[in-house]
Amino acid sequence: MEKSKRVHYGFAFSLLFGLWLPCCLTQTTPSSSATTAVLPSASPQPQSQRLKVRLAGYPRKHNEGRIELFYKGEWGTICDDDFSISNANVLCRQLGFVSATGWTHSAKYGKGQGKIWLDNVQCYGGEKSIEACKSRGWGNSDCTHDEDAGVVCKDERIPGFLDSNIIDAQMMENKVEEVRLRPVAAVSRKKLPITEGVVEVKYKDGWAQVCDVGWTIKNTRVVCGMLGFPNERKVNKNFYKRLKKRAAQKVPSSKVNVSVGGRQPPKAKANSKSKQSSPGKRLYLERQKNHFHIHSVACTGTEIHLAACPLEFTKPNATFTCEGGMPAVVSCMPGPQFMHNSGIKKKHKISSTVRLKGGAKVGEGRVEVLKDNEWGTVCDDRWNLQSASVVCRELGFGTATEALTGARMGQGMGPIYMNEVKCLGQEKSIWNCPFKNITSEACKHTEDAAVRCNVPYMGYETTIRLTGGRTRYEGRVEVLSEDANGTQSWGLVCGETWSTREATVVCRQLGLGYCNQALQETWYWDNNNVTEMLMSGLKCTGREASLSQCQRHKSVSCQKAAAKFSAGVICSETASDLVLNASLVEQTVYIEDRPLHMLYCAAEEDCLSSTASKANWPYGHRRLLRFSSQIHNIGRADFKPKAGRHSWVWHACHGHYHSMNIFTHYDLINANGTKVAEGHKASFCLEDTDCHEGISKRYECANFGDQGITVGCWDLYRHDIDCQWIDITDVKPGNYIMQVVINPNNEVAESDFTNNAMKCNCKYDGHRVWFHNCHIGDALSEEAERRFEKYPGQLNNKIS
């Protein structure tokens, strides 16, 4: 029995833009609140000279903003004189959107700064770059920034184009790019994360100090946030002053060796090494170095970066040496997940009403908030770095590096609780920020907000590597080990029991995104001289930050210890995410007594309980619990079967190919957690039944077509399809939990496995059935989930 009719859409749209997409796409770090992409130019140019374009301004969403162009080393704007929708179409395509829906004039997104690069621009609409359009020429304009033009692009990406829906930090022209803490005590350098030390900023080819004259705890808060810490602590300045005084008494200033950029002069005496190793002497020398780069820092405490604070830079020829002060020293409070061996007694309390979902790395994801015991999302209207930073700190991280819009970390499935969140930056929780409640039609899950947070440096990536792969995103997994003598060596992780969960941790540890495939054999990749097996029996949940946090064998035990049987991974920047529509299951459930003579095909596919084999075929019937399953792909990559079509199995009885052995498990569970009945769905046909507006279907099973589920689409298994049931012929009346698990063996990688299960309270009186409280496995609070488990009558298995 086949599914309902399907309509197939081709790839004509994708092919239309395929000719110009081979242009290499990169992102640069903008100097203002902007979105940046590299553009294909009209004529070949060196990479450094290619024209860049970005969206800027506030308030805006990721697909709209003031147009800015990077030309001759400087960002500038476009005047709105003679501007048209044709101009907007060219610019939107250069930014990676399919087209423009409108354009703006009179600096709607705020006035830009610097040059007005183009004026009286006139495009036909088909040009590949704004450079190819007519204009008055570069820098030739009679406009002011009150006339800056903007565009509104259709919120649909050109396939394969780099995402650009990020609202970045606003930085100063002479910006501070990198900040670090250098611990004064040498022993502190061995402990990660570093929570206390001298503040240093990247300067030229080295590092420079910050003068602490006028330094406040608000400055410390900003620095700690940049380094991934949610809170700051007061520094024991008396301790550092005593160290400085003690060192000054022992080391005359006339004999001090001055260093530049943190490096010791080459002619330093050999015996001075031991004398200058004490914390006090080192701090004293820092004061004498005369390379303070920043002074007069005056943060309010709500900034997300030191560069956003009022500060002064030391002039190149100045003799200012931080008179009356010393290098600024800060102390930070790490979040609970980073407090290993820190010795800090007071702990930061993690919020139980906010969480991040769908991110590949620690500290990133879709923002979800808890209300009335149910998790929901936040709409991205007016979403900015201040609001994102409140969320990050609330969860034990630092400030936000990016505020992401347009469901960049996948779409949620529950309610949307907040819109136009306007945090100032000092709030303890996003719930303390002003926001608007969602009205009908105000927001959709395509507008879910997300964040990327600063997290402390833990050095996880230094203990693992990938080798032999064709790109940096794939390879054989090798880990670093140290023996009792301190000798370090690289070895192979055993491929036995290696799964998607372990591979997910590897990709996260290396900062390579999501797991695409987990490989138990790597014989087809280039070999190397590393043959020792150092790790086996790994068992991860998939949420760990590194393999060292997973369970494993105490001693290596691997039957196939050869290098070609070692574990491997293929990582990806994006991943799919399947979620079942719980309310549809609740609405469509019913019981059918189906004659055995209509169940031969189902029996061949093992879709009936074991007692069916003892029935008097073809007489009699089986009692089936039936319902519809609508499975959505809310991730950022298409869900495709792990096996290629060459290994799909044809099933003649139903007339379709099996692309996966098991796609879904259906279980009926009693109060003791025992399965009283079960079913399963072989993935006899993965395809797009329907999609959200503006998204085209890509997968159709007919005629041996491609199988999969497109992002923004769903696959519907109707209640009247074979095997879309649980055989409850032998089940007694009572109260149960009905559970559905998609992709139960994690055969196909997803960005989030915690939402693959759905549960319902099931009441069966022997004649009829009711489902109640159907919900995704991670949709409710812990308290609500406990109440669900104690559904009335469930403990005694009697109908209440």
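What follows is a conversation between a trainee and a mentor about a predicted model.

Trainee: How do you know how far to trust this model, and where is pLDDT under 50?

Mentor: The chain has a mean pLDDT of 81, and 81% of its residues reach 70 or more. Residues 169–173 stay under 50, although the model has 14 contacts there beyond four places in sequence. Residues 795–800 also stay under 50, with 17 such contacts. Where pLDDT is low, the predicted coordinates should not be read in detail.

Trainee: Thanks! Why is Glu68 called buried?

Mentor: Its relative accessible area is 5%, and buried means under 20%, so the label fits. Glu68 is found in strand β3, residues 64–71.

Trainee: What makes the link between the side chains of Glu68 and Arg54 a polar contact?

Mentor: The distance is 2.7 Å, and the cut-off for N or O atoms is within 3.5 Å, so the pair qualifies. The Glu68 side chain makes another polar contact, with the side chain of Arg66, at 2.9 Å.

Trainee: Now the salt bridges. Why does the pair Asp778 and Lys357 count as one?

Mentor: Their closest N and O atoms are 2.6 Å apart. The rule asks for a Lys or Arg side-chain nitrogen within 4 Å of an Asp or Glu carboxyl oxygen, so this pair passes. By this rule the count comes to 31 salt bridges.

Trainee: What makes Asp778 and Lys357 a link between distant parts of the chain?

Mentor: They are 421 residues apart: Asp778 lies in the loop between β42 and α11, and Lys357 in strand β16. Asp778 has a relative accessible area of 14% and Lys357 one of 10%. Both values are under 20%, so both residues are called buried. The two also belong to a network of salt bridges that includes Arg355, Arg366, Glu368 and Asp752.

Trainee: In the salt bridge of Arg470 with Glu474, which residue is buried and which is exposed?

Mentor: Arg470, at 67%, is exposed, because the cut-off for that word is over 50%. Glu474, at 6%, is buried. Their closest N and O atoms are 2.5 Å apart.

Trainee: And why are Glu783 and Arg787 called partly exposed?

Mentor: Glu783 has 44% and Arg787 has 48%. Partly exposed lies between the 20% and 50% limits, so both fit. Their salt bridge has closest N and O atoms 3.0 Å apart. They are 4 residues apart in helix α11, so about one helical turn separates them. An α-helix has 3.6 residues a turn, so residues three or four places apart point the same way.

Trainee: What makes helix α8 mostly covered?

Mentor: In α8, residues 500–509, 9 of the 10 residues are buried. Among them are Thr500, Glu502, Val505 and Gln509. The buried residues pack against β23, β24, β26 and β28. Just after α8, Gly511 takes a positive phi of about 70 degrees.

Trainee: How do you know that β29 and β32 pair?

Mentor: They share 3 bridges, in the antiparallel sense. Pairing needs at least two bridges, so the condition is met. Leu578 stands opposite Asn633 in β32. The open sheet has the order β29-β32-β38-β37.

Trainee: Last one: why are β29 and β37 called edge strands?

Mentor: Each of them pairs on one side only. In another open sheet, ordered β30-β31-β39, the edge strands are β30 and β39.

Notes:
Residues are numbered from 1 along each chain as its sequence is written. This is a predicted model: local features need pLDDT of at least 70, side-chain atom pairs count only at pLDDT 80 or more; totals for chains, interfaces and linings use all residues. Side-chain values use heavy atoms; hydrogens and water are left out. Buried means under 20% relative accessible area, exposed over 50%, partly exposed in between (1.4 Å probe, protein chains only). Helices (H or I, at least four residues) and strands (E, at least two) are DSSP runs, numbered from the N terminus. Contact means heavy atoms within 4.5 Å. A polar contact is a pair of N or O atoms within 3.5 Å; within protein, one must be able to donate a hydrogen and the other to accept it, and residues adjacent in sequence count only if both atoms are side-chain atoms. pLDDT is the predictor's confidence in each residue, from 0 to 100.
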